[in-house]
Amino acid sequence: MSHPPDFTLPDVEDFDSPHALFAELRSHCPVAWTEDLGGFWAVTRHADACEVLEDWRRFTTRVQNVVPPVATTQRRPPLHLDPPDNIPYRSALLRFLTPARLAAWEPRVKAMVDEHLTPLLARGEGDICADFSFTLPIALLAEFFNLSPEAAEEIRTVGAEFNMALQRQDFETLRERSDALYNLAAALIADRQANPRPPEDDPVASLLAVRVKGEPLADELVLGALRQFLLVGIIAPTTFIGSMAMHLSRHPEHHAELREDPALVPVALEELLRLYTPYRGFARTATKDTTIGGCPVHSGDPVAVVFTAANRDPEVFPDPASYRLDRTARDLLTFGRGAHMCPGAPLARLLLREVLAQLTARTGRLEALAAPEMTRWPEYGPLSLPLRLHPLES
């Protein structure tokens, strides 16, 4: 089914232009069709986004779950499965993200951020993405999944190359790097099978120990799940840390406020997660002819839930483009909603909170040395951001 296009995607974007486009769509065409990236509906209002995310029977994740469609190989649970099939994979991971487990992670995360930030601070300038946020999430993933140093370094390299290929729409390299990620995940599974670990101590062992009606999870789905966990944990923190740094460079008064009152860091992080949501292209597929916000949508149509737009909906967040720490509404969609809400959100928040705390406590101010190189769909945020990190005044 074809639709007359309501908008086209720009060839060039900057840090602010996606938000301008989404504000225009929200106010004039909140469920908008484009022929770009294979064709999809962009859902930009908060209420409509929640409707799509929560009604998995009407909007399935089994067909296309991201815009542009980049899945070139087998299914990757839990994102590629609807309830109840996705639940065992989520449960195998969530057991490691209880409040008690997260409390034990706090000193380890603090040490990781310190280790990766200190060299950048010593130099006084560098690319916050290439020199910090590309490596930090890998360190956390390596420890979380009990990876060897060699495997962690390989995932860092392959993950960065995958992301760059995605941004440049280089689908041949994308397929190659996707295969490489599968090979890394397969090697990790083979190691756990050869050298078993207690399921309560290791996420991979936990996946392998799951039983559904007495049967283990299918080998290819365990492989896909592990590959999914590894990749998502790399990309989103990388771009969002760049966005936080860009905001602080533009608003030294916000930087100073957090340095003077670190107790504000948690609420500031939530506001930054709202303003600079790193995903704009998670998608569903309509399972039947239906409507979203009164707009007819046909069976089989891809539907992109634009989290980056929904989190600036003025119906939910008054004065949506402003950084405000006095908001009472915190109904963020940054980590999704419903059956596919990101299971790793608590650990991601812990990492990002510590990054924001140390960036503001250990620098006098941040100065952007050039305009950021931006990601494209499905992410939002800098791929590269050269910064000068001014020291604290003595």
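How many of the 5 residues of strand 7 (residues 282-286) are buried? The close-up views below, taken from a predicted model, begin with this strand and then turn to its partners and to a pair of helices.

**View 1. Strand 7 and its surroundings.** In strand 7, which spans residues 282-286, 5 of the 5 residues are buried, so the strand is largely enclosed by the rest of the structure. The side chains can be followed in two sets, since Phe282, Arg284 and Ala286 point one way from the strand, while Ala283 and Thr285 point the other way, and all of them are buried.

**View 2. Strand 7 beside strand 3.** Strand 3, made of residues 59-60, pairs with strand 7 in the antiparallel sense, and the pairing extends over 2 bridges. Here Phe59 has Ala286 of strand 7 as its bridge partner.

**View 3. Strand 7 beside strand 10.** Strand 10, which covers residues 302-305, runs antiparallel to strand 7 and is joined to it by 4 bridges. Within this pairing, Phe282 stands opposite Val305 of strand 10.

**View 4. The packing of helix 10 and helix 12.** Helix 10 (residues 219-250) packs with helix 12 (residues 265-275) at an angle of about 105 degrees, and their axes are 10 Å apart. Angles of 65 to 115 degrees count as roughly perpendicular, and helix 10 and helix 12 are therefore described as roughly perpendicular to each other. On the side of helix 10 the contact is made by Phe240, Met244 and His247, and on the side of helix 12 by Leu269, Leu272, Leu273 and Leu275. Sorted by class, this contact has 6 nonpolar residues and 1 polar residue, with no charged residues.

Key. Residues numbered from 1 in each chain as written. Predicted model: local features only at pLDDT ≥ 70, side-chain atom pairs only at ≥ 80, totals over all residues. Heavy atoms only, no water. Axes fitted to C-alpha atoms, helices over the stretch in contact; angles between N-to-C directions. Parallel < 35°, antiparallel > 145°, perpendicular 65-115°, else oblique. Contact = heavy atoms within 4.5 Å. Nonpolar A, V, L, I, M, F, W, Y, C, P; charged D, E, K, R; others polar. Buried < 20%, exposed > 50% of the residue type's maximum accessible area, 1.4 Å probe, protein only. Pairing = 2+ DSSP bridges.
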